[in-house]
Amino acid sequence: MSDKRPLLDTSDNENEGDGFMGARDSSMTTGITYKSATVAPTFLWYGRQILVRRKLFVGLLVVFIFSYFLIGPADVLDLDNVDSIVQVHHHSGVLNNEGYLVYSNQCRIVDLDPYKRDVMRHFKRVSYKPCKQRLPLTQMRFDDHSRRYVLSINKTAFQSYHVENVFSCCYMGVERVSESNVSYTNCQHFKSKAQISNTTDSVIVKCSTDKGQIYINGHATIPERVDIQQRLKQWKRRDQGKRVPSVLMIGIDSISRVNLIRAMPKTAQYLYDNDWFELAGYNKIDDNTFPNIMALMVGYNLSNALKHCNPYISGGLDKCDFVWKLYEKHGYATSYGEDAVKINTFNYLKKGFKQPPVDYYLRPYLSAAEKLLDVNVVLGLPHCLGFETESEHVYNYALEFARRYRNDSFFGFFWTNTHSHGDISQTSSMDDYLRGYLQRLVAQGTMEHSIVVFFSDHGLRFGPTRSTWSGHLEERLPFLFIWLPPFVRAEHPEFVDALRQNRNRLTTPYDLHMTLKHILTLSGRTGSLETLDGAKDCPQCQSLLLPVPLSRSCEDVAIEDHWCTCWSYNAVKKNSKTVRHLGERVVHYLNDYVTSFRNGSLAHLCQPLTLQGISAAYKAKISQVDPSQAQIYWLTFSTAPNQALYEATVRYIKNMTSEDNVQVTGSVSRLNSYSGEADCMNDFAIKKYCYCRHKSG
C-alpha cells in the first residue's frame, strides 16, 4: 500500500516517457503557442507571452487559495506533522485490485491510508523515556546447576547509589490470596546474593542505609515446579522424538492494523521484512476486549460467555474451557500475564478467576508492584513501574517464560494495555523497544521452535479520530501476524501457502481459536482437528492454516452488521424523516436494554435517554442482504441528558410496521468518554448506556 502511494509526487507530468516532447506536444501541455522557428519573434510577441503567463499564474494562484480555504490544506501540504510520518514499505493489498485488503462479491475491505490528514492532525510521535536514570541495584537470574533463581546485588550499579557505611537489603515473597489480594512473606535479609525458593513466584526487594530506604524493586520469576516437570516428561516420552511446536501469543490492546503501521513503523517493517504472515482482513466480532478475547480463547460470543462462564460470579470464569486448559491437559506449561491490573480483561467489573488459571500467573506480582513500587500515570494508566514500564514487566516475563521452556512445550498468552489504550500516539514510544523485543526472541531461539501470534483485539474505540471514517474502520480491523518456525514450514508447506492466501481473506477471532486447536493437533498428542470442539458460536469458522474461502461474508463468520467492514456506504440526509425515525428507535432500544437488563434490577439507577440529534447518517451499498429486502443504515447520534455520542448500525425494513421495522445489529458503540457519569453502574455491558440518576441533581 504505502510503497504505492508516495506522500509527495514531484513529477510535472505523469506521462513524461523519455523526458522530451516535440513542439506540438509542448503546446498542448502549457497552453502557449509558439511561432515557427523560421520567423523571428518581435518585442510585441514577447510582451503578449509575458501577459499570458502572468494571467495564467494569477489564475492558478486564485484557484489554489480558494481551494485551500474551501476544503482545507491537502494532505501533502500538512507539513506540521511531516516528522511523524515514517513510511512502511510493503504490499498487503489484493493483486489487481489495489486499494482493497479483501475483494469479493461478498466482502470488500478498503486498504486505508495510514497518513490521512483527518487522523494525522491528532497524531504526534512520542519518544521513549527511561523510567529511571540509574540501573536497578538488584538482579535476578536462573541458575541451571541448582535449578533455582539467585537474587544478587548488581555490582555495576552499586556505585551510583553512593552507599557509605550502613547498608542492608531484604526481599519478601509475593503470595496470591485472591484475584484482588496478595500477602507477603517476612522480609529476609541478604548480603550479596540469595537463592530463592522454588515455591516463590516473585519478590519485592528493599535496600536501606542509615539515612533510610534508598531502593525498592520487584522481580517476577518462572520457578521450577515438580508437577510441571512431571507433566512435561510424561508427554515427552509419548512423543518419541517428535518435534512439538510451542505457542507464544503477544497481544496489544486497541491497535488497529493501520495504527501499527502509523505508530510503530519500525516494528511493522520488521514483520514484513522477516517473513511473518499478515492476516490483513482480520475483523473483530464485538465491541471491546473481553468478547473478542473470549471468541479467541473459548470460542463463545458474549451472550454465551455470560451464560456458560459468568464473569460476575466467583468461579464463573473457572468453568470456561479456555484454550490454555486444553494445552495444559496435553502436556504444555502454561502462562498468562497482563498489565494494568484494574482493567485486566477478566477482572474489570468482573470477578476474575477463583483459582490461578495457568501454571505461571503474573497478576499477583503486578498487583503487589502497583501498590509498592514507584508508579507514574500516563493517560489514566500506570506507565513506569519501578525501573521499567509496566508493559516491559509483561514482555520480560513472557521472554523469560519462553527461555525457561525453550526445550519443552509451552503455551503463553501475554497482553498489554498501558502503552496503547489511551490514544493513537502513545504506543509510538514503544516502537524501537518492540522491534528489539522481536529480535530478542530470535536471539534466544524462541522462533526456532515456537509458533508466535502477534495481534490486537480492536482499534482505538474513543477519542477524536474515532469519529472519522478512518477511525470507524480502524476500530474494527485490528492487526494479526503469525510466525511459523522453520521445521513447521518444512513439514507443512501447505500451511505456508494457506497463510499467504489468507492474507486477503475475511478472518475473525473465531478462526484464530480454531487455529490454536489445529496447532495442538500437530503435537500428535490429541486426535484430529475434527475431534476437538469447533468455535462454538461460529460453525463455519476454520483454522487459518487451511485456505479460507474467498466468498465469505460477515454473516457466514458470525460478524454482525455493526462490526462488518465489508461494505461501502453513501451519505444520506441526516434530517430526513426516515433517519430521524431510525435514531428514535435506537434510543428506544437503548432504554429498553437498560430497563430489562438483569431482569430490571439495575434500571432504577439510570435516567432514560432521549435523542438529541443525528450527527451523520449513511446507507450501505449492498446488492443483496436478505430476502426481506432490508436496508442497512449506519448512524452517529447524540443523546440527552448524558451528552453522549453513539454509533449504531440498523436494518430497516420499509414494509413492516414502525414498531417492528428497525433492528439494531451488534451493540451500540459509545464514541466519547463516560468517565464519571456512570459510577453507580458496575456492569460493563450497560455502563456506557447509563447516566446515573443522581447526576441530574
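**Figure 1. Serine 450 and histidine 449 meet through their side chains.** A polar contact of 3.2 Å joins the side chain of histidine 449 to that of serine 450. This is a predicted model. The serine 450 side chain also reaches back to threonine 446, where the backbone oxygen lies at 3.0 Å. Serine 450 belongs to strand 19, which covers residues 450-456. Histidine 449 sits in helix 14, residues 446-449. Serine 450 has a relative accessible area of 0%, so it is buried. Histidine 449 is buried as well, because its relative accessibility is 11% and the cut-off for buried is under 20%.

**Figure 2. Contacts around serine 450 and histidine 449.** This view leaves aside neighbours up to four places away in sequence. Serine 450 is then in contact with Ser246, Phe410, Trp483 and Pro485. Histidine 449 touches a list that includes Ser246, Phe410 and Pro485. Its other contacts are Arg243, Val244, Pro245, Tyr405, Arg406 and Phe487. One contact of serine 450, Trp483, returns in the view of the tryptophan pair.

**Figure 3. The chain as a whole.** The chain has 697 residues, and 55% of them count as buried. Its secondary structure comes to 20 helices and 25 strands. Take the contacts between residues at least 6 apart in sequence: 73% of them join residues at least 24 apart. The chain exposes about 32500 Å². Carbon and sulfur atoms supply 51% of that area.

**Figure 4. Tyrosine 161 pairs with tyrosine 215.** The chain holds 48 aromatic pairs. In this one, the ring centres of tyrosine 161 and tyrosine 215 are 5.9 Å apart. The ring planes stand at 90°, so the pair is edge-to-face. Tyrosine 161 lies in the loop between helix 4 (155-158) and strand 5 (167-176). Tyrosine 215 lies in strand 10, residues 212-220. The pair therefore ties together parts that are 54 residues apart in sequence. Both tyrosine 161 and tyrosine 215 are buried.

**Figure 5. Tryptophan 276 pairs with tryptophan 483.** The two ring centres lie 5.9 Å apart. The planes are at 50°, so this pair counts as tilted. Tryptophan 276 is in the loop between helix 7 (265-273) and strand 12 (277-278). Tryptophan 483 is in strand 20, residues 480-483. The pair thus ties together parts that are 207 residues apart in sequence. Tryptophan 276 is buried, with a relative accessibility of 7%. Tryptophan 483 is buried too, at 13%. Tryptophan 483 is also in contact with serine 450.

**Figure 6. A cluster of aromatic rings, and two charges over rings.** Ring pairs link a set of residues into a cluster. Its phenylalanines are Phe290, Phe322, Phe346, Phe353, Phe413, Phe455 and Phe684. Its tyrosines are Tyr312, Tyr336 and Tyr361. Trp324 and Trp415 complete the cluster. Two further rings have a charged residue over the face. Arginine 238 lies over tryptophan 235, at 4.3 Å from the ring centre. Lysine 536 lies over tyrosine 300, at 5.1 Å from the ring centre.

**Figure 7. Helix 8 is enclosed.** Helix 8 covers residues 289-297. Of its 9 residues, 9 are buried, so the helix is largely enclosed by the rest of the structure. Among the buried residues are Thr289, Asn292, Ile293 and Met297. Phe290, another buried residue of helix 8, is a member of the ring cluster. Glycine 299 follows the helix and has a positive phi, near 90°.

**Figure 8. A sheet of strands 15, 16 and 17.** The 3 strands form an open sheet in the order 15-16-17, with antiparallel pairing. Strand 15 (375-378) and strand 17 (388-389) stand at the edges. Each has a single partner strand, so one side of each is left without a neighbour in the sheet. Strand 16, residues 381-385, pairs with strand 17 over 2 bridges. Strand 16 pairs with strand 15 over 3 bridges. In strand 16, 5 of the 5 residues are buried, so the strand is largely enclosed by the rest of the structure.

**Figure 9. Two hairpins in the sheet.** Strand 15 and strand 16 form a hairpin with 2 residues between them. In its turn, leucine 379 has a positive phi of about 55°. Valine 378 has leucine 381 of strand 16 as its bridge partner. Strand 16 and strand 17 also form a hairpin with 2 residues between them. There, glycine 386 in the turn has a positive phi of about 75°. Cysteine 384 has threonine 389 of strand 17 as its bridge partner.

Conventions
Residues numbered from 1 in each chain as written. Predicted model: local features only at pLDDT ≥ 70, side-chain atom pairs only at ≥ 80, totals over all residues. Heavy atoms only, no water. Helix = DSSP H or I, 4+ residues; strand = E, 2+ residues; numbered from the N terminus. Buried < 20%, exposed > 50% of the residue type's maximum accessible area, 1.4 Å probe, protein only. Polar contact = N/O pair within 3.5 Å; in protein donor to acceptor, adjacent residues only side chain to side chain. Contact = heavy atoms within 4.5 Å. Areas by Shrake-Rupley, 256 points an atom, 1.4 Å probe, with all protein chains shown as cover. Phe/Tyr/Trp six-rings, centres within 6.5 Å; stacked < 30°, edge-to-face > 60°. Lys NZ or Arg CZ within 6 Å of the ring centre and 35° of its normal. Pairing = 2+ DSSP bridges.
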